[in-house]
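Colleague: Got a minute to walk me through this one? I'd like the strands, the core and the charged pairs.

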Amino acid sequence: MGSNFASQTAGKPIRCKAAVCRKAGEPLIIEEIEVAPPSSWEVRIKILCTSLCQSDLSFWKLSTGPASAFPRILGHEAAGVVESVGENVEEVKTGDIVVPVFKRNCGECRDCKSQKGNGCSKFSVEYPCGMPRDGSSRFKDKNGENLHHTLRVSSFSEYTVVDVTHVVKMSPDLPIDKASLLSCGVSTGLGAAWKVAEVKEGSTVAIFGLGAVGLAVAEGARLRGASKIIGVDLNPEKFEIGKKFGVTDFINPTTCGEKSTSQVIKEMTDDGADYCFECIGLTSLMQDAFTSSRKDTGKTILLGIEMHGTPLSISPLELVAAGKTITGSMFGGVKAKVDIPIFANQYLNNELNLDGFITHEVSFEDINKAFDLLETRKSLRCIIWMDK
């Protein structure tokens with residue numbers, strides 16, 4: 001993006017196209033909207049491509065609760081170029097390639113400076129459907145009605161406004177579609193293996209659910225030197241796909257006969273996997289993952305978000321006497337501004353497999369096809385190109 005373009009639009013509202021969700025579960029509608037200029041600490045981004053995550057499906061279907069607000073603009077995996085910045089923004093400038101991320105990383109607060117976790121306590125109040133500092137919207141439809149944000153990104157729009165704490169500057173050498181992958185799902189899986197579990201060389205890993213996040217866990221475990229990576233999924237086609245990311249063994253729970261999945265895993269791993277990852281968001285699988293982990297040293301990491309409110313029940317005796325641990329992880333423990341550039345470099349150095357995650361590509365006008373592909377489990381990641 002040249003400086004001439006920036007001088008024509010900086011500080012002014014931009015009219016552009018967006019895929020608006022007006023009612024839970026209904027097809028998105030391509031509409032003309034108005035995107036406000038960035039306020040202080042904000043960045044306006046021209047989205048070049050975006051991708052569809054399972055969380056987008058969940059928010060698309062969500063009809064009740066504080067995070068259910070319509071009309072809204074979905075989308076939180078994307079890559080783009082900075083169109084303009086508001087006051088006090090110094091880390092990025094017009095023309096920089098960036099990815100927006102849902103998980104804040106200010107780099108200044110106590111949590112961001114800590115070596116543990118990836119929390120950020122920059123703001124004391126969370127606004128699920130607006131800008132993070134005040135909950136307001138930067139989008140209006142053609143009638144002047146506010147459109148709600150989603151996960152502080154809203155990438156299903158040709159332009160979006162994101163707080164600088166949710167923006168990561170990327171190397172211009174990284175292909176845009178690969179950058180988009182790193183803004184959520186793939187980084188979540190990689191981070192879970194690298195930062196949360198800290199998978200050790202020669203260890204055994206069991207992954208429940210071989211979607212994009214689960215396969216990213218496998219890729220991370222492969223890079224960490226795991227000797228056995230077991231994929232658990234109902235779709236037998238996932239084994240061949242999983243092999244590209246380091247999966248060495250596959251279990252289809254429907255073909256285990258009278259044995260439970262955990263029994264099969266224990267037989268394959270000398271009485272339990274060193275690390276178990278649940279990547280779907282089902283309480284029953286969380287229980288299976290914990291049961292499948294090794295006594296005394298086994299770690300279970302929960303990555304899937306349980307959306308039905310079903311509690312997880314684990315006997316304290318299993319925790320105390322068996323000495324196993326279970327932990328949840330949001331965004332795989334990734335500190336976005338620090339870790340995502342590292343993943344990008346691993347790809348550029350031919351260490352990390354990102355290409356295999358992209359199974360489909362569509363134009364922005366055909367965005368509803370991406371929903372169909374993901375709902376029918378035909379895609380891992382569908383890249384949605386804004387200008388194609």
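Modeller: Sure. First a term: helices here are DSSP runs of at least four residues, numbered from the N terminus. And keep in mind that this is a predicted model.

Colleague: Fine. What follows helix 5, and what is its phi?

Modeller: Glu-198 follows helix 5, and its phi is positive, near 50°.

Colleague: And helix 5 itself, how many of its residues are buried?

Modeller: Nine of the twelve residues in helix 5 (residues 185–196) are buried, so the helix is mostly covered, with buried meaning under 20% relative accessible area. The buried ones are Gly-185, Val-186, Ser-187, Thr-188, Gly-189, Leu-190, Gly-191, Ala-192 and Ala-193.

Colleague: What do they pack against?

Modeller: Several elements. The buried residues of helix 5 pack against three helices, namely helix 4 (176–181), helix 6 and helix 11. They also pack against strand 5 (77–85), strand 14 (275–278) and strand 18 (381–385).

Colleague: Let's take strand 14, then. Which residues sit on each of its faces?

Modeller: Tyr-275 and Phe-277 are on one side, Cys-276 and Glu-278 on the other. All of these are buried, and both faces of strand 14 are covered.

Colleague: Which strands pair with it? Start with strand 11: parallel or antiparallel?

Modeller: Parallel, over four bridges. Val-205 has Tyr-275 as its bridge partner in strand 14. Strand 14 also runs parallel to strand 15 (residues 299–302), joined by four bridges. There, Tyr-275 stands opposite Lys-299.

Colleague: So Val-205 is in strand 11. What else does strand 11 pair with?

Modeller: Strand 12 (residues 228–232), again in the parallel sense, over five bridges. Val-205 stands opposite Ile-229 in that pairing.

Colleague: Why call strand 11 largely enclosed?

Modeller: Because five of the five residues of strand 11 (residues 204–208) are buried. Thr-204, Ala-206 and Phe-208 are on one side, with Val-205 and Ile-207 on the other.

Colleague: Now the hydrophobic side of things. Which residues touch the most other members of the largest nonpolar core?

Modeller: Phe-156, Met-170, Phe-277 and Ile-340, in a core of 100 residues. Helix 6 (residues 212–223) gives this core its largest share, seven residues. There is also a second, separate core of eleven residues, including Phe-208, Ile-265, Ala-273 and Cys-276.

Colleague: Back to Met-170. What is it in contact with, leaving aside neighbours within four places in sequence?

Modeller: Ile-97, Val-98, Val-99, Ala-179, Leu-182, Ile-340 and Ala-344. As background, nonpolar side chains tend to be buried together in soluble globular proteins.

Colleague: Where is there a nonpolar patch on the surface, and which residues make it?

Modeller: Ile-305, Met-307 and Met-330 make a nonpolar surface patch of about 270 Å². Met-330 is in the loop between strand 16 (325–328) and helix 11 (336–348). Its relative accessibility is 39%, which counts as partly exposed.

Colleague: Switching topic. What is the strand order in the open sheet?

Modeller: It goes 4-1-2-7-8, five strands with antiparallel pairing. Strand 4 (72–73) and strand 8 (146–147) stand at the edges with a single partner strand each, so one side of each has no neighbour in the sheet. Strand 2 and strand 7 are joined by three bridges. Val-35 stands opposite Phe-139 in strand 7.

Colleague: Last topic, charges. How many salt bridges are there?

Modeller: The count is 23 salt bridges. One of them joins the side chains of Arg-15 and Glu-32, at 2.9 Å from N to O. Arg-15 lies in strand 1 (residues 14–21) and Glu-32 in strand 2 (residues 29–35), so the pair ties together parts 17 residues apart in sequence. Arg-15 is partly exposed at 43% relative accessibility, and Glu-32 is partly exposed at 45%.

Colleague: Which pairs have a buried partner?

Modeller: I can give you two. Arg-133 forms a salt bridge with Asp-163, with the closest N and O atoms 2.5 Å apart. Arg-133 lies in the loop between helix 3 (110–113) and strand 7 (139–141), and Asp-163 in strand 9 (residues 159–163), so that pair ties together parts 30 residues apart in sequence. Arg-133 is partly exposed at 30%, whereas Asp-163 is buried at 1%. The other is Lys-93 with Asp-96, at 3.2 Å between the closest N and O atoms. Asp-96 is buried at 8% relative accessibility.

Key
Residues are numbered from 1 along each chain as its sequence is written. This is a predicted model: local features need pLDDT of at least 70, side-chain atom pairs count only at pLDDT 80 or more; totals for chains, interfaces and linings use all residues. Side-chain values use heavy atoms; hydrogens and water are left out. A salt bridge is a side-chain nitrogen of Lys or Arg within 4 Å of a carboxyl oxygen of Asp or Glu. Helices (H or I, at least four residues) and strands (E, at least two) are DSSP runs, numbered from the N terminus. Buried means under 20% relative accessible area, exposed over 50%, partly exposed in between (1.4 Å probe, protein chains only). Patches are made of residues with over 30% relative accessible area and no salt bridge: like charges are joined within 9 Å, nonpolar side chains (Val, Leu, Ile, Met, Phe, Trp, Tyr) within 5 Å. Accessible areas come from the Shrake-Rupley method with a 1.4 Å probe; for residues, only the protein chains shown count as cover. Two strands pair if DSSP finds at least two bridges between them. A nonpolar core is a set of buried Ala, Val, Leu, Ile, Met, Phe, Trp, Tyr and Cys residues joined through side-chain atoms within 4.5 Å. Contact means heavy atoms within 4.5 Å.
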